Amino acid sequence: MPTLEWIGKDKVINHHQDVPYRVLERQYSYDSDGQHSEDNGSENMIIHGDNLKALKSLLLRYEGQINCIYIDPPYNTGNEGWVYNDNVNDPKIRKWLGEVVGKEGEDLSRHDKWLCMMYPRLKLLNKLLADDGVIFVSIDDIEVTYLRLIMDEIFGKSRFISQLIWKSRQNKDNRNITNVSVDHEYVLCYGSTLRGCMRKTDQYKNPDNDPRGPWTSANMAGLATAEARPNLHYDLIDPNTGINYGRPVKGWRYDRNTMMRLIEENKIIWPDSPSGRPRKKQFLAELEGTYTGYSSVIGENLYTRSGSVEQLNIWGEIRFDFPKNSALIQELLEQATKNGDIILDSFAGSGTTAHAVLNMNKADGGNRKFILVELGDYADTITAERVKRVIQGYGSGKNKKEGTGGHFSYYELGEPLFIEDILNESVGTDKIREYIWYTETRQPHAPVFDGHPYFLGNHNGTAYYFYYEPDRICSLDYDFLATISIRADNYILYADRCALSSEELLRFGITFKKIPRDIARL
């Protein structure tokens, strides 16, 4: 498969593995009681911080668990005047490139920089996405070609679903020097499959009281020339009247045998005149499914202008240029999610994705969860504030929107679990235990530590112990073994030192792991 090369790729292709794991620190929770410090247990998250670091932190709980991802990353337009800085020359990105790519990064083109920024983030998103999940990425003509190639490389060309087209502009732009008004953007879609659109059945009636139920008149004209499909070109004659309706230019949709069966089953509507065109009785009960295809042209009448109107209703002003309307995001999420699914947006901006999720939950009583990540300083004052207003209701007069209800918790990125190769004790022992449990079992939640103070849990016949104290050296010896009462096929024991011989470890079925040397890095 062809792959894309650019300056700096060799530095970022595995950079996601070097990103340190950081704990997430909850700052506050929000629900019907407003904002408060108590943890409300909400699975909805808004995280303020670099999305590369935040995505790494989410792996501990959500690797392979995210059902749907929608991101609207910078389009790399070069416009530096927006609240959401749509340019990879942003100081934060330039600092990151200098640290990761080095002096080589000073000579990168804007496309090189953009690819260096996107690649490790997409790698982590791929690790978070469930096997049957779907990812949507909004983009325009500037980077769509490059994005398509790296998406093929990371997510797999076989998982490409569609390059959807959104007509984003309602009126033509006459300022373009090419005299072409670019009225569209794209949404690249990778994953398993989309749901499709609910089939419309309003046209199915039963005017003749047919015992087979409601039906509609369906076209039987074909689409092939006589040279291509000669078996579809024949005269069609009503056996009761003898009227010959001839043959359409492109023949019939069915061959003679199938047409004879339809005639015998009384499924043909015969016109009174030879100039008429026979049609098929298509019965509602015979339809194979309740969904039809989803058009690759999306967001009908949902222009950026409608996103601006939505902002005006929420804020009383437009805070983001060229915004997506929540209804557009909702249309995409409806294609890829069901009740209870988890939706992630790691370029959250003003929080449109959470708005869409809350609207969906209100409409059907669902319990979809959202996770937003936003780097900007406005993560609390705009992103989270919008979600609060959607939950409580916003607008006035005829534009007043009733609150959706709901809840979330707001997080900041905390300290790294490791400082160089040393455990960072300031993150707390519980966080370290949770990390150890996940890296060993790939289970998202650490069990309750019951009975033994250093017991992590039992998984697939193996008992796990993390013998660690911040203020002293812990040694795996006979005294410690005497405290273990749980019987298991095998044991994995973490400690600072081991006083047992290799033969003794083998005899007891113990695998010793030295702290911190043998702690796996995500």
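In this predicted model, the charged end of Arg 521 is placed over the ring of Phe 418, at 3.8 Å from the ring centre. A second arrangement of this kind involves Arg 507, which lies over the face of Phe 508 at 4.7 Å from the centre of that ring.

**Overall form**

The chain contains 14 helices and 26 strands. Its C-alpha trace spans about 100 × 60 × 50 Å along the principal axes, and the radius of gyration of the chain is 30 Å, where a compact globule of 522 residues would have a value near 24 Å. Of the 522 residues, 50% count as buried. Among the contacts with a separation of 6 or more, 69% are accounted for by residues that stand 24 or more positions apart.

**Aromatic pairs**

The structure holds 19 aromatic pairs, and two of them are set out in the table with their geometry.

| Pair | Distance between ring centres | Angle between planes | Class |
|---|---|---|---|
| Tyr 30 and Phe 408 | 5.6 Å | 25° | stacked |
| Tyr 478 and Phe 508 | 6.2 Å | 80° | edge-to-face |

The stacked pair of Tyr 30 and Phe 408 links distant parts of the chain, for Tyr 30 belongs to strand S1 (residues 22–31) and Phe 408 to strand S18 (residues 408–416), the two residues being 378 residues apart. Tyr 30 is buried, with a relative accessible area of 9%, and Phe 408 also counts as buried, at 0% relative accessibility.

The edge-to-face pair of Tyr 478 and Phe 508 connects helix H13 (residues 478–481), which holds Tyr 478, with helix H14 (residues 502–508), which holds Phe 508, across 30 residues. Here Tyr 478 counts as partly exposed at 42% relative accessibility, and Phe 508 is likewise partly exposed, with a relative accessible area of 32%. The ring of Phe 508 is thus described twice, since Arg 507 lies over its face while Tyr 478 pairs with it edge-to-face.

Elsewhere, ring pairs join Tyr 454, Phe 455, Tyr 465, Tyr 467 and Phe 480 into a cluster.

**A four-stranded mixed sheet**

Strands of a sheet pair through backbone hydrogen bonds, in either the parallel or the antiparallel sense. One open sheet of four strands follows the order S21-S22-S24-S26, and its pairing is mixed. Strand S21 (455–459) and strand S26 (510–514) form its edges, each pairing on one side only, and the twist from one strand to the next averages 15°. Within this sheet, strand S22 (residues 462–466) and strand S24 (residues 490–495) pair in the parallel sense over five bridges, and Phe 466 stands opposite Tyr 494 in S24. Helix H12 (residues 429–441) lies across S21, S22, S24 and S26, and runs at about 20° to S21.

**A three-stranded antiparallel sheet**

Another open sheet, of three strands, has the order S9-S11-S10 with antiparallel pairing. Strand S9 (215–218) and strand S10 (268–269) stand at its edges with a single partner strand each, so one side of each is left without a neighbour in the sheet. The pairing of S10 with strand S11 (residues 279–283) is antiparallel and extends over two bridges, and Lys 280 in S11 is the bridge partner of Ile 268.

Key
Residues are numbered from 1 along each chain as its sequence is written. This is a predicted model: local features need pLDDT of at least 70, side-chain atom pairs count only at pLDDT 80 or more; totals for chains, interfaces and linings use all residues. Side-chain values use heavy atoms; hydrogens and water are left out. Two strands pair if DSSP finds at least two bridges between them. Axes are lines fitted to C-alpha atoms, for helices over the stretch in contact, and angles run from 0 to 180 degrees between N-to-C directions. Contact means heavy atoms within 4.5 Å. Rings of Phe, Tyr and Trp (its six-membered ring) pair if their centres lie within 6.5 Å; planes under 30 degrees apart count as stacked, over 60 as edge-to-face and the rest as tilted. Buried means under 20% relative accessible area, exposed over 50%, partly exposed in between (1.4 Å probe, protein chains only). A charge sits over a ring if NZ of Lys or CZ of Arg is within 6 Å of the ring centre and within 35 degrees of the ring normal. The radius of gyration is taken over C-alpha atoms; the globule rule is 2.2 Å times the number of residues to the power 0.38.
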